[in-house]
Amino acid sequence: MTKRSSQRQGGHHLVVVESPAKARTLERYLGEGYRVEASVGHVRDLPKSDLGVDVEAGFEPKYVTIQGKGPVLKQLRAAAQEADDVLLATDPDREGEAIAYHIAVELGWKKNGERFRRIRFSEITRQAVLEAVESPGSLDMGLVEAQQARRILDRLVGFKLSPLLWKKIAPGLSAGRVQSVSVRLLVERERERRAFRSAKYWDLSARLASAGRDFRATLIAVGGDRVAAGRDFDETTGRLREDREVRLLGGEEAKALRDRLAEVAFGVRSTEERTSTRSPYAPFTTSTLQQEANRKLNLTARDTMRVAQKLYEAGHITYMRTDSVQLSGEAVAAIRRCVQERYGEKFLSGVPRRYRTKAKAAQEAHEAIRPAGIRMRTADELSLEGREKRLYDLIWKRTLASQMADARQRHLTVSIEAEDAEFRATGKVLEFAGFYRAYVEGSDDPNSALEDQEVHLPPLSEGDELELLDLEAVSHETRPPARYTEATLVKVLESEGIGRPSTYAAIISTIQDRGYVRRAGKQLVPTFTAFAVTQLLEAHFPDLVDLGFTSQMEGALDAIAGGEADWRSYLAEFYSGDDGFEARLREHETQIDPREASTLELVDLEARVRIGKYGPFLELERDGDRLTASIPEDMAPADLSNEEAIALLEKSAEGPLQLGADPESGKPVYMRTGRFGPYVQLGDVEKEAGKRKPGKRTAKPPRASLPPGMEPDDVTLEVALRLLSMPYQVAVHPETGEPVKVGIGRYGPYVVHDGDFRSLKKGDDVLDLSLERALELLAEPKRGGRRRSAPKPLRRLGAHPDDGKPVEVYDGRYGPYVRHNRTNVSVPKGTEVKQLTLEAALDLLAKKKVRSRRRSPS
C-alpha cells in the first residue's frame, strides 16, 4: 500500500497543531477520518522554579508539563488512543519541531514511534495540506536538538547571571544571551548621543526662475573653496574635521555674502544629465516584514508577528518565520500572471527574477513570505479588515513588485554661478515607474509616493540667465546619531547574525518589559538601568555582549541543527572547565563591588547616577553633605545635562513646597516631584510599628499625579485637594442611579460609569466635568484597543443586605453566574435567569462562602 493510500483511505487519523485557528482551517481541508486537535503552543518546558538542567548528566533537561496544559494533554492522549496514527502538523521550524517532539513524547512516541508521522507545509492551502498528508515524514531530531540546546543555553545564562545582577545592581533584573547584546547596541548609541557635540554652519538658499518657472539652488562654493556641510564636522568635538579643506561660514559672513550676491547676475554655468535604474526589493522575510511594518504601519515587531500568525493560520499567507527570499517556480509564475493582468506587459520584468539571501547565517528552508496559493487574491477579495488587511496588503504589494520591471529615473544637476559663488540645483524625473507602480519602500500609498520621486526643474542650458527671486542665509545645526527604532534594531541584529528573526519580536518585548528600554514615539530609549547592566557585563563578561561571539553561537546552533555538531559537547565547551561560564561567574561574583556596579559616571556630569531599589537617582557630595534626587522617568541618559542634574539636586534639597493644610484632617498638602513627574501629597511619610521589624515599614500618604498639561506652578491648595479626591463623583446616572466618576489613570483622565470607561478629550476639564459632558462621552462608541469594556449584567437582583452593594447576574463562558463584589457563583442548571430571585442568589452566595471556608487551611 502506498503512502498516499495509507493516509487518505480508511482509518482514523489524529492531526495535532499548535493553535485552534490553524485547527479550524485544516478541518476545512481534511475530510472524514481526520480529527484535528490543538496543543495551544508548547506543552512542556523547563521548570520556572529551578535551573531544570542536570549539568553533571550531560546537560540533561528536566522538562515539566506547563501549567494549565494537563487537561490539553489528557484530551490529546484520549484522542491518540482512538486513532490509528498521529500526524504532527506543527509549524515547519525549530520551535514547531520541538513542539511536535514534546507532544509525541507525551503521547507515547518512545514506545510506539511508528504511529507518529511528521507533516510539514509552508502555506495552509488545500493543495499544500493534502500533499503534506500524502507524503508524511519523520521528526527532524537535528532541529529538535538545536532548539533544545538554545533553550538550555539561554536558561544557563539567564538563571545563573540574573541573580548576580540582583545582588550587585538592583532586584528584578535579568540577563540573556541575545537580549543583553540588543541592550548594549542601544546603550552604545545613547553613549554616542551623549558624547555628541553639535556644530552650527551657514549657507545660502536661492530661489531662481527661468521661463516663468521657479526652483531652488544651494550655495556649494565661494572663491573656489567648498562651503562646509554637516558631513565635514567631527561628531565628538563639534569642530571641522582636520582632513577637510572647506570654508566654514558664520552667520555674519553668510548674511554679508547674501547682501553682496543679491545685486549680481545669476546664470547657468553647466548642466549634467544621467539616468539610473532601480530594481525591486526581494519578497519579505521575517526581518524585513517587521522592519517595513514598523515604518509603514507603525506596528511593533510583536504585533506584526501576531497579525502575520493569524493570516498564516487562516490560509492567507505562507509561513511567516523565514529568512529566505526565494520563491517557488509555481509562485513566480502566479505572481507574473497577476502583474500582467493588473499592470500590463510593460510592467513585468523581462525574465523571472531570482533572489538570494544576503543576511548572515540565513537558512533557505522555506519560501519568502507571500500570499498563499496561486491566485494572488487582494485583501478586499479576502474580505480582510483592520490590521490584517493592512499587513496582507503590504505583503501582496511587495510580492508583486518583486517580479516587476526596473524603475528608470533621469537626474539633472545644474551648476549656477554668481560672481565667485557657485550654487547647485538638482532635479529628478521618473521616466518609467516600473515596480514603483505597486510598491514604494517606506510609503503606504505607491501612487502618492511616485510624486515624491520627482523634483522638476525648468528647461536649462549652459549660458542661460536666471532671475533671482529670493536669497536667504540659512543656519544649520548638526544632529546626533538617531536612536534605534524597532525597524533599525531588527536590521542590525539580522545583519550581524544576532539571534534569529523569529525571536526578534520576543527580544524587543523582553527588554522593554524588564525596564531596560522605554519608547519615545518610535525611538527605543535605553534607561539608566540598562547602562549599569551593560557596564557590568562589558567589564566582567565581555563575550556575552560581543556581537561576533553571539553570532558565532548562532552558527554553532545551526551546525547542531544540520547534524554537524553535538549539542552536549557544545554546551560543555561553553559552560564547563576552567575557562567556562560557570568558573568565570564564581570568580567575578567576589570581585564585583555592588556600589561600584550600581554607579554610573557619565561624561560632563558632576553628580553620579546611582541605581537604587526604586529607580535611578542622582548623588552628589557638596560641603560635607550628601545630596540626592530622583531622576524623572522620562529623562533619557543622553539628555541629562549637568545643569539639569544640579537643578534637580537643589530642588530636592529645598524640600517639598507646602501648599497649605487639608481642612478636614489638618495634614499638610505638598507639591513634590518624583521619578514619574510632579505630584501632590497629603501628609508626611509615617513609620508604622512594623509587622516584621519595628520602624522599618512605612505607610505611603495619599498622592496624585498632575494631569497632562498642568504645571506645578498652576497647582493651588484647592486644585491639589481636588486631585487627591479622585476619582470623584460627578453625579449619579439619571437612568441607572449608579455613580458617574472622573479620575486619572494609566492612560490619562477618564470618566467611568458602572465599569464603562471613556477617555476625556482635549479641552475637557478633569477637575470640573459636568454631568452633561460626562454623559456625552459615555454615549460615544468605545474605540478599539487592548482594554475590554466591563461586561453588562443580564439582571440586577438588588442590594446585598450586608453591605448594600449590588447582586447581579452575568453571562459567562460556562453559563450564567451570580456576582457580588468579587464573589462569583454559577447559576444551577435548569434555573431560568428570569425567575432567579434575590433570596435565591443570596443563598447561593452563602453556600459558596461556607465551601470556601472548609477548603481553607486552619
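A residue counts as buried when its relative accessible area is under 20%. Keep that cut-off in mind as we walk through this structure, which is a predicted model.

Let's try the rule on His753. This residue is found in strand S30. Its relative accessibility is 9%, so His753 counts as buried. Who are its neighbours? Leaving out residues up to four places away in sequence, His753 touches His733, Thr736, Glu738, Pro739, Val740 and Leu778. Now take one step along the chain to Asp754, which is found in the loop between strand S30 (748-753) and strand S31 (756-759). Is Asp754 buried or partly exposed? With 28% relative accessibility, Asp754 counts as partly exposed. Asp754 also has a backbone quirk: its phi is near 55 degrees, a positive value in a residue other than glycine.

Asp754 has company in that respect. Met376 is not a glycine either, and its phi is positive too, at about 50 degrees. You'll find Met376 in the loop between helix H11 (329-343) and helix H12 (386-401). Met376 has a relative accessible area of 1%, so it is buried. Gly350 lies in the loop between H11 and H12 as well, but Gly350 is exposed, with a relative accessible area of 78%.

Gly350 is also handy for thinking about distance. Its C-alpha atom is separated by 35 Å from that of Leu460, and the two residues are 110 residues apart along the chain. Leu460 turns up again when we look at Ser210, which is found in strand S9 (residues 200-210). What does Ser210 touch, not counting residues up to four places away in sequence? The list is Pro458, Pro459, Leu460 and Leu466. Ser210 has 11% relative accessibility and therefore counts as buried. Compare Ser210 with Asp140: the two are 70 residues apart in sequence, and their C-alpha atoms are 70 Å apart in space.

Next, the aromatic rings. The structure holds 16 aromatic pairs. One of them is formed by Phe59 and Tyr575, and this pair is edge-to-face, with 6.0 Å from centre to centre and 85 degrees between the planes. Where do the two partners sit in the chain? Phe59 is in the loop between strand S4 (53-54) and strand S5 (60-61), while Tyr575 is in helix H18 (residues 567-575). That puts them 516 residues apart, so the pair links distant parts of the chain. Phe59 counts as buried at 3% relative accessibility, and Tyr575 is buried with a relative accessible area of 1%.

Another pair is made by Phe266 and Phe423. Their ring centres are 5.4 Å apart and their planes meet at 55 degrees. Why is this pair called tilted? Planes over 60 degrees apart would count as edge-to-face and planes under 30 as stacked, so the rest are tilted. Phe266 lies in strand S12 (residues 266-278) and Phe423 in strand S14 (residues 421-432), so the pair ties together parts that are 157 residues apart in sequence. Both Phe266 and Phe423 are buried.

Back to Phe59 and Tyr575 for a moment. Together with Phe541, Phe574 and Phe581, they form one aromatic cluster. Phe581 takes part in something else too, a contact between two helices. Helix H6 (residues 141-168) and helix H19 (residues 581-591) pack at an angle of about 5 degrees, with their axes 11 Å apart. H6 and H19 are therefore roughly parallel to each other. From H19, the contact is made by Phe581, Leu585 and Glu589; from H6, by Leu156, Val157, Lys160, Leu161, Leu164, Lys167 and Lys168. Sorted by class, the contact of H6 with H19 has six nonpolar residues, four charged ones and no polar ones.

Rings can also have a charge above them. The charged end of Arg189 sits over the ring of Tyr484, 4.4 Å from its centre. Likewise, the charged end of Arg722 sits over the ring of Tyr728, 3.7 Å from the ring centre.

One last stop involves a proline. Pro727 is found in the loop between helix H22 (717-724) and strand S28 (728-732). What kind of peptide bond joins Met726 and Pro727? The bond is cis, with omega at about -5 degrees.

Definitions and conventions
Residues numbered from 1 in each chain as written. Predicted model: local features only at pLDDT ≥ 70, side-chain atom pairs only at ≥ 80, totals over all residues. Heavy atoms only, no water. Phe/Tyr/Trp six-rings, centres within 6.5 Å; stacked < 30°, edge-to-face > 60°. Helix = DSSP H or I, 4+ residues; strand = E, 2+ residues; numbered from the N terminus. Buried < 20%, exposed > 50% of the residue type's maximum accessible area, 1.4 Å probe, protein only. Lys NZ or Arg CZ within 6 Å of the ring centre and 35° of its normal. Axes fitted to C-alpha atoms, helices over the stretch in contact; angles between N-to-C directions. Parallel < 35°, antiparallel > 145°, perpendicular 65-115°, else oblique. Contact = heavy atoms within 4.5 Å. Nonpolar A, V, L, I, M, F, W, Y, C, P; charged D, E, K, R; others polar.
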